[in-house]
Amino acid sequence: MKNPFKLFRSSRKSEETPEPPVQAAPAEPAPEPPQPEPVQPQAQAPADDFTEWCRSQVHGGIERRERNDIFEEYSVYGADSENALICRRYHRYPEHERDFDLSYSRKLTFDEFNRRLLSELDKGYLKLTAYNDCIRKAEALTHNTSATAVYHGLTDSENEALKAFCESIDTLTDKEYRRTDGVFYCSCRSVVGDELLGIRFRKPLPHDALDTESSGVSRKPIEGCDIESLWIMGVANRLGECSKSRRITLLTSEWSLNKESVFLMTVEGFPSVDGTLLVAVADEAAFPHFGFYSLDFSK
């Protein structure tokens, strides 16, 4: 007997849809090689047209901010292509182990330029020869001239004459002498009262601060009899006795509560000294604040 279910199994197979053949996945295209980025042209730094004439020596100090930072600095003086006088200041902090960075660059007038150089001279950061060379170039650039001869310092014979003058003042004792760039120093004491005095000698510069006003410093012409200190009056009297003429100017700091003062004497015809002689006399405590080249109290 035939199997009755065979018919149903064969019809069911005929109704099933055959599965499609598995198609292979299309191959992915190969990635394009990376293109190099276009090279941007480097910006060219502007050419520095500054010409250096002289620079001060490196010196240190303390800058008070949130804490005390020890730093070093120096100044460079010169001109640019437009004939402008320029001072540049550089500084660094040794604790950071970095090189010097430019703090600022200033264009200055001739008087401002000269005043800064005189201040460098006062502080001992610049030699007199470097000052003379630098200011001579500034003169040529700005057409500033002076009838005063260039000051190269005191000769040995002039220094000896100034020492002999100080030795002859018997109202002063314990005299000590020192020579620096163009200045002769005498530190001494009064024979009574043990007052410390300082006497400084030099000659005028072609562009001397003696001929200009200093900010914060008053100037008053006086006579020898107006000097209250007997010891300073004694120095002034001796200068008047041994020279042809003597003028006295009282310089006083208006920025100080103590009103520090220095007696500046201009002497002509001093023995064994050619030309004009400038003599500054004061209490020794006033001299650390007084610059004998800049003739101010900016220290």
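Is Tyr77 buried or exposed? Tyr77 counts as buried, at 1% relative accessibility. The model is predicted. The points below start with the overall picture and then take up strands, rings and charges.

1. **Overall make-up.** The protein has 299 residues, and 39% of them count as buried. Five helices and twelve strands are present. About 19,000 Å² of the protein is exposed, with 50% of that area supplied by carbon and sulfur atoms.

2. **Contacts along the chain.** Take the contacts with a separation of 6 or more. Residues 24 or more positions apart account for 53% of them.

3. **Strand 12.** This strand covers residues 276-283. Six of its eight residues are buried, so strand 12 is largely enclosed by the rest of the structure.

4. **Partners of strand 12.** Strand 8, residues 196-202, runs antiparallel to strand 12 and is joined to it by six bridges. Within that pairing, Arg200 has Ala280 as its bridge partner in strand 12. Strand 11, residues 261-268, also pairs with strand 12 in the antiparallel sense, over six bridges. Here Phe263 is matched with Val281 of strand 12. A general point helps when looking at these strands: side chains in a regular strand alternate between the two faces of the sheet.

5. **Aromatic pairs around Phe113.** A search of the whole structure gives twelve aromatic pairs. One of them joins Trp53 and Phe113 in an edge-to-face arrangement, with 6.2 Å centre to centre and 85° between the planes. Trp53 belongs to strand 1 (residues 51-55) and Phe113 to helix 2 (residues 110-122), so the pair ties together parts that are 60 residues apart in sequence. Both Trp53 and Phe113 are buried.

6. **Back to Tyr77.** Tyr77 also pairs with Phe113, again edge-to-face. The centres are 5.7 Å apart and the planes are at 85°. Tyr77 sits in strand 3 and Phe113 in helix 2, so to speak of this pair is to speak of distant parts of the chain, 36 residues apart. Phe113 is at 0% relative accessibility and counts as buried, the cut-off being under 20%.

7. **A ring cluster.** Which residues do ring pairs link into a cluster? They are Phe165, Tyr177, Phe184, Phe201 and Phe270.

8. **Charges over rings.** Two arginines place their charged ends over aromatic rings. Arg88 sits over the ring of Phe50, 4.3 Å from its centre. Arg178 sits over the ring of Tyr185, 4.0 Å from its centre.

9. **Salt bridge between strands 3 and 4.** The salt bridges come to 13. In one of them, Glu72 meets Arg92, and the closest N and O atoms are 2.8 Å apart. Glu72 is in strand 3 (residues 68-79) and Arg92 in strand 4 (residues 85-92), 20 residues apart. Glu72 is partly exposed, with a relative accessible area of 23%. Arg92 is partly exposed too, with a relative accessible area of 23%.

10. **A buried salt bridge.** Lys203 and Glu158 meet through their side chains at 2.6 Å, N to O. This pair links distant parts of the chain, 45 residues apart. Lys203 lies in the loop between strand 8 and strand 9 (217-222), while Glu158 lies in helix 4 (residues 156-167). Are these two residues buried or exposed? Lys203 is buried, with a relative accessible area of 13%. Glu158 counts as buried as well, at 3% relative accessibility.

11. **A second link from helix 4.** Glu160 is also in helix 4. Its side chain forms a salt bridge with that of Arg179, at 3.0 Å from N to O. Arg179 is in strand 6 (residues 172-180), and the two residues are 19 apart in the chain. Glu160 counts as partly exposed, at 44% relative accessibility. Arg179 is partly exposed, with a relative accessible area of 43%.

12. **A charged network.** Some salt bridges share partners. Asp80, Glu82 and Lys107 are joined into one network in this way.

Methods:
Residues numbered from 1 in each chain as written. Predicted model: local features only at pLDDT ≥ 70, side-chain atom pairs only at ≥ 80, totals over all residues. Heavy atoms only, no water. Buried < 20%, exposed > 50% of the residue type's maximum accessible area, 1.4 Å probe, protein only. Helix = DSSP H or I, 4+ residues; strand = E, 2+ residues; numbered from the N terminus. Pairing = 2+ DSSP bridges. Contact = heavy atoms within 4.5 Å. Areas by Shrake-Rupley, 256 points an atom, 1.4 Å probe, with all protein chains shown as cover. Salt bridge = Lys/Arg side-chain N within 4 Å of Asp/Glu carboxyl O. Phe/Tyr/Trp six-rings, centres within 6.5 Å; stacked < 30°, edge-to-face > 60°. Lys NZ or Arg CZ within 6 Å of the ring centre and 35° of its normal.
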